[in-house]
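Biologist: I would like a close look at one small part of this protein, with its surroundings filled in afterwards. Could you start from a single side chain and work outwards?
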Amino acid sequence: MEIIYYIIGVCCAFVLLIYTWRVLNWVWFKPKKMEKSLRQQGLNGNSYRFLYGDLKDMISMIQKAKSKPINISDDIKPRVIPLFIKTLQEYGTDSFIWLGPKPSIIITDTELAKEVLTKIYIYQKPKSMNPLTKLLAQGVVSYEEEKWAKHRKIINPAFHLEKLKLMMPAFYLSCDEILSKWEQSLSPGGSCDLDVWPYLQNLTSDAISRTSFGSSYQEGRRIFELQREQAEHIIKASQSIYVPGWRFVPSKRNIRMKFIEKQVQASIRDIIDRRVKAMKAGEASNDDLLGILLESNFQEIEQHGNKSFGMSIDDVVEECKLFYFAGQETTSVLLVWTLVLLSTHSDWQMRARKEILQVFGSKKPDFDGLNHLKIVSIIH
């Protein structure tokens, strides 16, 4: 009996030793080895600091930068990427930073950047240090090689010019609703103070919901609200070191993130199931993203006679999630920044308004008319 206990004890000690080595290798030995290799290649940066690297400095610098007001004429870079700017100033263009135990090389040479972005089979997309980020969206931007090529081929038809023209009425409807709300806020004198940021966030969410899911856009809007909350959780989670296995800990944030993921998955799957049934019955339209995506996917499968050449329902769900994530925040930020610049350059504002009235007058905007908006194109 004592021998059995002895063997069990030795096995447990051996397993513990292995995991201890793996942890030490992850947080210290491997980073130090990589640091030595980078310096031998002529790259410079801060010495690696246990577990966090430069992460704490980066978060502190961003918080400090955001605590101060900024003028429109100020350089935005030190506010958005202060650690990168400081590193370049101290160590030059051939430098690196530490995002936890992993180094990130800063590339400023355009030819090197082009090489990294074009030689996709050599330079693979970096895997996120936090597995929780996968709960937000994966899709074509996270895939490599054959899977990336397959998804890109199936998705491409959704962004053909003729397909985008079909989405114009949806864009117009979303914009018209926002403008009507603004007009209702006007005082008798014809003016009011208005925080346009939340309106523009809702505008882009609503427009993407309509163009993604067509008649099911109300359900899509709820999905995107959940995705927005999920993005906030991901940002907070990415600002700290992820400890392997932490995603299984039933913390308040982990529970909420997994709940959101289940809700989003169930809602999108329900919309897709109804759309597939309608398509088989010849009732569904293909003038929204989901319809175009499903039609392109079905054609790819029929052409090759094998489901492996198409996307699974899981893949379609992820592409729908990604379409929102990639477009909503970026577009709303672009719109609000455009309004800020126009408010400080009233001459360009007047020229743009005059051009729009000349081209459209009181008519609804159409795709062909947009091509005649030269001043608006310059502003954009």
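What relative accessible area does R49 have, and does that make R49 buried or partly exposed?

Modeller: Happy to! R49 has a relative accessible area of 35%, which means that R49 is partly exposed. On this scale, buried is under 20%, exposed is over 50%, and partly exposed lies in between (1.4 Å probe, protein chains only). Before going on, please keep in mind that this is a predicted model, where local features need pLDDT of at least 70, side-chain atom pairs count only at pLDDT 80 or more, and totals for chains, interfaces and linings use all residues. Residues are numbered from 1 along each chain as its sequence is written, and side-chain values use heavy atoms, with hydrogens and water left out.

Now to the partner of R49. Its side chain meets that of D54 in a salt bridge, at 2.6 Å from N to O. The term stands for a side-chain nitrogen of Lys or Arg within 4 Å of a carboxyl oxygen of Asp or Glu. D54 has a relative accessible area of 1%, so D54 counts as buried, whereas R49 is partly exposed. The pair therefore joins a buried acidic side chain to a partly exposed basic one.

A search of the whole structure gives 16 salt bridges, and two others are worth a stop. In one of them, D206 pairs with R210, and the closest N and O atoms are 2.7 Å apart. These two residues are four positions apart in helix α9 (residues 196-213), so about one helical turn separates D206 and R210. Here both ends are buried: D206 has a relative accessible area of 5%, and R210 has 9%. Elsewhere, K32, E35 and R39 are joined into one network by salt bridges that share partners. Within that network, the side chains of K32 and E35 come to 3.2 Å, N to O. Helix α1 (residues 2-40) holds both, and because K32 and E35 are three residues apart there, about one helical turn lies between them. K32 is partly exposed, at 29% relative accessibility, while E35 is buried at 5%.

Helix α1 also takes us back towards your starting point in the sequence. L24 is found in this helix and, at 37% relative accessibility, is partly exposed. L24 joins W21, W28, F29 and F50 in a nonpolar surface patch of about 530 Å². Patches are made of residues with over 30% relative accessible area and no salt bridge, nonpolar side chains (Val, Leu, Ile, Met, Phe, Trp, Tyr) being joined within 5 Å and like charges within 9 Å.

Finally, here is the setting for all of this. The protein has 380 residues, of which 32% are buried. Its secondary structure consists of 16 helices and two strands, read as DSSP runs numbered from the N terminus (helices H or I, at least four residues; strands E, at least two). The C-alpha trace spans about 90 × 55 × 45 Å along its principal axes. The accessible surface is about 24400 Å², and carbon and sulfur atoms supply 60% of that (Shrake-Rupley method, 1.4 Å probe; for residues, only the protein chains shown count as cover).
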